[in-house]
Each structure stands twice: as structure tokens, then as C-alpha cells.
Amino acid sequence: MRFNPVLDKLTAYRAGPPISEIRRRFDLDKIAMLSANEVPWGPFPEVVEAMKAALDGLNRYPDGACDELRRLVAGRRGVAEDYLVFGNGSCELLMLLGQALLSPENHTVFPHPSFVMYQIIAVSHEAPYSAVPLTGLDYDLEAMLAAVQDNTSLLIICNPNNPTGSYLQPAVVKRFLERVPSDTVVVLDEAYGEFVTSPGPDSAAWLAEHPNLVILHTFSKIYGLAGLRIGYGIAHPQIVQALDKIRQPFNVDSLAQVAAIESLRRPERVEERRNRIAAERSRLAHRLFEMGVPCHPSEANFLLVDVTGLGIPGPEVAQALLERGVLTRSGYAMGCPGWIRVTIGEAEEGELFLSAMADLRETPSKVALAHAMDDLDADALSLES
Ligand SMILES: Cc1ncc(COP(=O)(O)O)c(C=O)c1O
């Protein structure tokens, strides 16, 4: 078989074993799923009802243009309908952007550490890339601008950034946009934008002045629809048309469309979730601070926690937490050694995390010894997101 040689440069995503397996292996009653930046709540009740009502129509293909959803999003974001493209999760839109813009001749710039997909799309298309290091876990926008070359076709900013939670104020992003060459597409990945407690003006308003801008949103996070896979992009019709040429005709399934429509009709529920996440985020950060464990300021539904003071070899912290029933994401896998990323869940899950951290601090040497003999890979157990 003659595979595309680029496959040798990629590693397949390793999904962790099911929760039931983790529960059995470590003999756990309770598990806190704090590794994948999901919210702890399911879809809004009205969304569940609307999906149930739509089940009967599943013998038909979905609306390939997402017409009703398109009208709703266009109204909400104040853009024309032809400025929208929908995807099977915003990940699909990132992959389509890679396909449309990247090649061995076209360079790309993205921050590091940041969302793993940015590097995957570069490598998949054999595009040269600059993964621009953060400084002190925040963006170095000057370095990102300096990395832009004559052939840079794509530059990505993740705001708030995953995994740091850092948030760039809109005025800063706007000034940055003004300095990027107009033939470089700038993707503003706002997957966690709905969690920002004091958001500035809507970035969609910049499209008139910056036709090279693409704004990405997802329904996987605050809306609790990660299992359905739906996201959207806002961009100039020229970019939308390019993505339309290469997407599957029916890339967004009908239940996902129904769920997204009903979710957008409930802004008050979004607000309530944002406030609950923000309250739990600051409660956790405060409790960690009291324990002498620092974390990076975050505007997203996760915290990046400094675990260097625990006295346990860094790569083993995520696994030691897992054995205590708390799934987190190891910073080693994400380019932030010495840190772990913890998703904000319910207060009960937060308590489980805090008591596991307290336990680790009290028994670091026992943990290190147990792990020297253990063969379980913590990274394989924490879902990538
Ligand atoms: C920064 C960022 N962008 C995009 C996504 C993908 O979201 P989706 O579920 O819509 O594919 C994620 C998922 O974790 C993310 O962290």
C-alpha cells in the first residue's frame, strides 16, 4: 500500500480508556472529569426537547446550508448570511482552513503552547510553520508579527488561549490585526469566548475592515454540546466559498443544527453558566493560592496550575491525581512542563481535586515510589482537547 508519506510525521490521537475502566482499575467511587474543557452540564432542557422532536426526521439528510441556524447566527453576530460557514465541530473548520490555505509553499504562524490542532494542520499539509513561544504564559504578539514571512498564508490566535486561559483584550487584538499583512488569513479561535466575564466589542465587527479575518466558535463548550460536534466560522464570503468547495455537502448533522438553534435562543442560560463557571474558577484559584499552589489568571473554563511545588516529578502529577479520581491534563503533553490544566466543573468535583492535591502534598515520596513501578501512561488517560 502506498500511503501519503506525511503520515509518518503524524501520530494518531490516543483516546483514553473508558471511565468504567479507570473506575475499576483504581477502585474509585467518584471520578471528576476535568481533562477535556467540557462543562459539567448537559445541553439546556429546551435543547433536549427540540432534539427529541427532531428524531423522526433522521431518515433525511440534513440541511446542507444550515439555513435556519445561519439566519439566527447572522442576526446575533450582525453579519450577512454569506459570512458564515458551519462545521462538524470547529476542529473541522480548522482542518478545512488548513486544506484551503496550507501547502509546502505556504507558511503558518501560531502560538505555543496552544491548541494542538494548529500544529497538526501545518504538519498534515507539509507547511513550514513558526510555533511562537509564549512569554511568561502570555502572548508575545511582537514575536508573532516578526514570524510572519512573505509566504505566510495563515496566522492563528486562540483567545482565551488553551491551555493557559490568558485573554487578550479586544483592543489589543484589533491593533494586532491592523499590523498583519492583508494577504495573511488571521484565524481568531474563540472556542472559549463565551466564558469571558467582561467581553469587549464583538470581534465580528472587525470583518468589514479586515476581510482576512476568520472567527471560530464552537457549541462544544458553554452550550454543553461537545458530543454532537458543531461549530461555526465567520469570514469574508471569499473565504467561506473556499471552505464550501472542500467540505462534505452534509457536514453538520440535523440534530446538531436543531440543538445549536435552540441553544442560541437561550442567552440567559449561557449567562448563568458563565457566572457559575467564573465563580467556581475564582473559588478554586483562591483555595489553591491558600495551599501555596499558584495558577495562571484565566478567562476560560479551565485553570493552568503550577505543580512544581508538590515535590513529585512533574510528569507524574496527572497520573497521581487520576489515581485519586481526578482526570486533568498533564502540561508535559501540551508544552507546559510543571503545570497541569484543570477544567472547571461542579464545586463537588473541585473539592475532589483540592483534596487530591492536598493528599499529594502530604505524601509526595509515596507517590513517586508507586509511580516508579507503574506502567500506566497518564497522557493516554487524559482526553485531548
Ligand atoms: C482552542 C480550541 N479550539 C477549538 C476546539 C475544538 O472544538 P470543537 O469541539 O468545536 O471541534 C477546542 C477544543 O477543545 C479548543 O480547545
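## Strand E7, two domains and a ligand shell

In this predicted model, Leu-216 has Gly-233 as its bridge partner in E8. That pairing belongs to a longer contact, in which E7 and strand E8 (residues 231-235) are joined in the antiparallel sense over 5 bridges. Strand E6 (residues 185-189) also pairs with E7, here in parallel and through 4 bridges, and Val-187 stands opposite Val-214 in E7. The two pairings of E7 are set out below.

| Partner of E7 | Sense | Bridges | Residues opposite each other |
|---|---|---|---|
| E6 (residues 185-189) | parallel | 4 bridges | Val-187 and Val-214 |
| E8 (residues 231-235) | antiparallel | 5 bridges | Gly-233 and Leu-216 |

Strand E7 itself (residues 213-218) is mostly covered, with 6 of its 6 residues buried. Leu-213, Ile-215 and His-217 point one way from the strand, while Val-214, Leu-216 and Thr-218 point the other way, and all of them are buried.

Thr-218 also appears in the surroundings of the ligand, where 14 residues are found and Gly-89, Cys-91, Ala-191, Thr-218 and Ser-220 come nearest. By class, this shell holds 5 nonpolar, 8 polar and 1 charged residues.

On the scale of the whole protein, the chain is divided into domain 1 (5-42 + 268-381) and domain 2 (45-265), whose centres, taken over C-alpha atoms, are 26 Å apart. Where the domains meet, 27 residues of domain 1 are in contact with 23 residues of domain 2. On the domain 1 side, helix H10 (267-290) and strand E9 (302-306) are the elements that give two or more residues, and H10 gives the most, with 5 residues. That side of domain 1 comprises 14 nonpolar, 6 polar and 7 charged residues.

Note on methods:
Residues are numbered from 1 along each chain as its sequence is written. This is a predicted model: local features need pLDDT of at least 70, side-chain atom pairs count only at pLDDT 80 or more; totals for chains, interfaces and linings use all residues. A residue is near a molecule or strand if its C-beta atom, placed from the backbone, lies within 6 Å of it. Ala, Val, Leu, Ile, Met, Phe, Trp, Tyr, Cys and Pro count as nonpolar, Asp, Glu, Lys and Arg as charged, and the others, Gly among them, as polar. Domain bounds come from an automatic or database domain assignment. Two residues are in contact if their C-beta atoms, placed from the backbone, lie within 7 Å. A residue is buried if 20 or more other C-beta atoms lie within 10 Å of its own, exposed if 12 or fewer, and partly exposed in between; C-beta atoms are placed from the backbone. Two strands pair if DSSP finds at least two bridges between them.
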